[in-house]
Amino acid sequence: RVEAGALTLASPEVRFKLDNDSHDPADVEMYQQKDANALVEEFMLFANITVAKRIVSRFPRCSILRRHPPPLSSMFDEFS
């Protein structure tokens with residue numbers, strides 16, 4: 001997937017711990033993604049890609065798939 005041009009985006013995810021009685025926020029912590037979570041995400045993406053390919057091969061004249069245009073090279077300038 002990465003060799004085909006996919007991006008790996010890792011943005012932090014915040015979790016709130018709530019008070020049992022009042023349900024008010026009691027604490028905030030950063031969610032640490034486990035390897036198992038990443039593996040499940042990869043399998044979900046693989047399943048979506050596989051189904052999309054099957055739809056196109058079975059119904060080429062009436063399938064509509066969302067495709068993203070390639071990013072502009074100028075979008076990467078701030079990361080250089």
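## A salt bridge at Glu-13

Let's start with Glu-13, which is partly exposed because its relative accessibility is 37%, a value that falls between the 20% mark for buried and the 50% mark for exposed. Keep in mind that we're looking at a predicted model here.

So who does Glu-13 team up with? Its side chain meets that of Arg-15 in a salt bridge, with N and O 3.0 Å apart. Arg-15 also counts as partly exposed, at 37% relative accessibility. If you're new to salt bridges, here's the basic idea: side chains of opposite charge can pair when their charged atoms come close.

## A second bridge, between strands

How many salt bridges turn up in a search of the whole structure? The search finds 2. Besides the Arg-15 and Glu-13 pair, there's one between Glu-29 and Lys-17, whose closest N and O atoms are 3.7 Å apart. Glu-29 is in strand β2 and Lys-17 is in strand β1, so this pair ties together parts that are 12 residues apart in sequence.

Buried or exposed, or something in between? Glu-29 is partly exposed, with 34% relative accessibility, and Lys-17 is partly exposed too, with a relative accessible area of 44%.

## What goes on around Tyr-31

Arg-15 has another contact to look at. Its charged end sits over the ring of Tyr-31, 4.2 Å from the ring's centre.

Tyr-31 also has a link to a helix. Its side chain makes a polar contact with the side chain of Asn-37, at 3.1 Å. You'll find Asn-37 in helix α1, which covers residues 35–58. Asn-37 is partly exposed, with a relative accessible area of 28%. As for aromatic pairs, the structure holds 0 of them.

## A nonpolar patch on the surface

Now for some nonpolar side chains. Which residues make the nonpolar surface patch? Val-14, Phe-16, Leu-18, Val-28 and Met-30 do, and the patch comes to about 480 Å².

Two strands share the job: β1 (14–18) and β2 (25–30) each supply at least two residues of the patch. Strand β1 gives the most, with 3 residues. Phe-16 is a patch member that lies in β1. Phe-16 counts as exposed because its relative accessible area is 55%, and the cut-off for exposed is over 50%.

## Putting it together

Strands β1 and β2 come up twice in this tour. They hold the two ends of the Lys-17 and Glu-29 salt bridge, and they both supply residues to the nonpolar patch.

Notes: Residues numbered from 1 in each chain as written. Predicted model: local features only at pLDDT ≥ 70, side-chain atom pairs only at ≥ 80, totals over all residues. Heavy atoms only, no water. Patch = residues over 30% accessible without salt bridge, like charges linked within 9 Å, V, L, I, M, F, W, Y side chains within 5 Å. Areas by Shrake-Rupley, 256 points an atom, 1.4 Å probe, with all protein chains shown as cover. Salt bridge = Lys/Arg side-chain N within 4 Å of Asp/Glu carboxyl O. Helix = DSSP H or I, 4+ residues; strand = E, 2+ residues; numbered from the N terminus. Buried < 20%, exposed > 50% of the residue type's maximum accessible area, 1.4 Å probe, protein only. Polar contact = N/O pair within 3.5 Å; in protein donor to acceptor, adjacent residues only side chain to side chain. Phe/Tyr/Trp six-rings, centres within 6.5 Å; stacked < 30°, edge-to-face > 60°. Lys NZ or Arg CZ within 6 Å of the ring centre and 35° of its normal.
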